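These exercises ask you to read a protein fold step by step. Work each task with the structure in view before you turn to its solution.

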Amino acid sequence: MTDRANLVLVGSRGGRAGAVAREVARATGREVVDLDALFEARTGATPVAYAEAHGEAGAHQVEAEVAREAAQSRGAVVLASPGAVRDPIARWELWHSGPVTWIDDDAAADGGRYSAAADLLVSAEESAPAEAVLAWVEANSEEVPRARTLLDVSVRRDHPMGPRQARILFGSGFDSEALAGLVAMHSHGVPVVVVDENVAELQPGLVGALPDGRRRLIDAGERNKRISAMEAMLEFASDQRAERGDAWVAVGGGTTGDLVGTAAALYMRGAPLIQVPTTWLAMADAAIGGKVAVDLSRAKNSAGAFWPPVAVVGDVATIETLSWERRLDGMAECLKSAIIGDPWLWDLVKRRGVSSMSEGEDADLAARYAIIERTAMQKVSVVERDPFELGERRNLNLGHTIGHALEIESGYALPHGRAVVLGIRAVAHIAAVRGDLARDVADEIDEVIAVLGFGMTRSFDEGAVMAALVGDKKSEAGRIRWILPTGIGSVRQANDVTEDEVRAALEHIREG
């Protein structure tokens, strides 16, 4: 092998992709490295058979291992099946080892979700596909592109106003061409770009890639997520003579997205919204799904709307500037999603969660990306099934009822993620005492939370927390709808949790 980058081809080795890989390898003096063959050599089974015997989590773990092995080959033609690159860790490893070509006789297998993220898509109608690959490499470069798109998918946008589809774009190191082009697609005129002032300082390249004709910097702390701050944005847009078709672009964390999203929903009765999340929490959760709101004095997120974005652009490179505490906030939402419905994600967080939050050379970037993507796409799936939170989507509030009350009690000094984790511990305690959750599973949840570095307890005024619970927006006829875990990957909704149970749960998470 050489120090050259790999050439990655995605497609079935038994179809055209296998033949193309061999022809490109001959023309460039490279060796073909077949991921499915590596998988079978390691396990003695095909990926499908192995998944049937050992489960999705086991198959994904092997796929990630063989992808890393192939990515380290250097100077090879790496052949991967569409099934292999559904695993986000495998995709991260391969996409960062060289330019990627997708042979589109297999594109339908992924619904365009991953093939759209390739550098080159070779049509099934192409008469000489190997020559097309070689021509593209010669015209561009054999090196790994700096900007890597890892997910590019259209999802349903459930709202009677605006487009019926939205675009979600995840990757690393997006350049100005990609960002400016996407904004231009969704804005008739100059967009209203609202940026967290901290992001403007830490991410000048990202912010500078966006139009600046109508740019506004804000202090995006939770204490400022109020109607008065949103009103100031609306007045700014009006003074700038922004029109209804001019997009609003939210650049920052979840608070920024909520503020800007609520303003966009109100401006001219609905302007296009583009979310550019720059925090772990916002990428994995807050920017997805279209729930936007501001806080009232007694209740968080109680004045808002359903206003789905027309596009979400998440660049995981922005997470490198976040503190460990802010990364913890994001991990909290991923823990929540794993408990709700994704045992594979739970297993990944257990094995590589700590390293995914690390900095510098110790950072497990592949796991970081995979945890974020998996969480975000789980939320997309839930939202598509229940866009207006009439049933299943309520499950996404696991840990949030007590979590929001703790935030309010603290005057929002307690970060959202840490509050949600305490809320998860509290409802796991309720479920375990009721017999809905096995005690060993509750203990496992506690162990993972502790290993990740979350605080297990906190001092608080119980009376203030109970008062905040009374104003919870999830109440119906005066009764709070609780989400209780029943296992790793399953929850149930309950409206019969008693005050005594709540007080016992608060005692469980109280410091001392």
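**Exercise 1.** Which strands does helix α9 lie across, and at what angle does helix α9 run to β9?

*Solution.* Keep in mind that the model is a predicted one. Begin with helix α9, residues 227–239, which lies across β8 (192–196), β9 and β10 (248–252). Then compare directions: helix α9 runs at about 165° to β9. Next, place these strands in their sheet, which is open, has seven strands in the order β6-β7-β14-β11-β10-β8-β9, and shows mixed pairing. The edges are taken by β6 (148–156) and β9 (215–218), and each of these has a single partner strand, so one side of each has no neighbour in the sheet. Neighbouring strands here are turned by 15° against each other on average, if direction is ignored.

**Exercise 2.** Describe how β11 and β14 are joined within the seven-stranded sheet.

*Solution.* First find strand β11 (residues 273–277) and strand β14 (residues 311–315), which run parallel and are joined by two bridges. Then look for a facing pair of residues: Q275 stands opposite V312 in β14. As a general background to this step, strands of a sheet pair through backbone hydrogen bonds, either parallel or antiparallel.

**Exercise 3.** Give the strand order of the five-stranded open sheet, and say which strands stand at its edges.

*Solution.* The order is β2-β3-β1-β4-β5, and the pairing in this open sheet is parallel. From the order you can go to the edges, where β2 (32–34) and β5 (120–122) each have a single partner strand, so that one side of each is left without a neighbour in the sheet. The average turn between neighbouring strands of this sheet is 25°, direction ignored. Looking at one pair in detail, β2 and strand β3 (residues 77–80) are parallel and share three bridges, and V32 stands opposite V77 in β3. Helix α4 (residues 88–95) packs on this sheet and touches β1 (7–10), β3 and β4 (100–103), while its direction makes about 120° with that of β4. Finally, helix α5 (residues 129–139) lies across β1, β4 and β5, and runs at about 160° to β5.

**Exercise 4.** Follow the chain from β12 to β13 and describe the connection.

*Solution.* A hairpin of two residues joins β12 to β13. Strand β12 (residues 291–296) and strand β13 (residues 299–306) pair in the antiparallel sense over five bridges, and L296 stands opposite A299 in β13.

**Exercise 5.** Describe how helices α15 and α16 cross, and what kinds of residues make up their contact.

*Solution.* Start with the geometry: the axes of helix α15 (residues 400–409) and helix α16 (residues 416–434) come within 7 Å and cross at roughly 130°. The two helices are therefore oblique to each other, and α15 passes α16 in a right-handed crossing. Then turn to the residues, where H400, I402, G403, H404, L406 and E407 in α15 meet H416, A419, V420, L422, G423 and A426 in α16. The residues of this contact divide into six nonpolar, five polar and one charged.

**Exercise 6.** How does the radius of gyration of the protein chain compare with that of a compact globule?

*Solution.* For 512 residues, a compact globule would have a radius of gyration near 24 Å, and the protein chain has 24 Å, which agrees. Along the principal axes, the C-alpha atoms fill a box of roughly 75 × 60 × 40 Å.

Key. Residues numbered from 1 in each chain as written. Predicted model: local features only at pLDDT ≥ 70, side-chain atom pairs only at ≥ 80, totals over all residues. Heavy atoms only, no water. Pairing = 2+ DSSP bridges. Helix = DSSP H or I, 4+ residues; strand = E, 2+ residues; numbered from the N terminus. Axes fitted to C-alpha atoms, helices over the stretch in contact; angles between N-to-C directions. Parallel < 35°, antiparallel > 145°, perpendicular 65-115°, else oblique. Left-handed = near helix turned anticlockwise from the far one by under 90°. Contact = heavy atoms within 4.5 Å. Nonpolar A, V, L, I, M, F, W, Y, C, P; charged D, E, K, R; others polar. Rg over C-alpha atoms; globule rule 2.2 N^0.38 Å.
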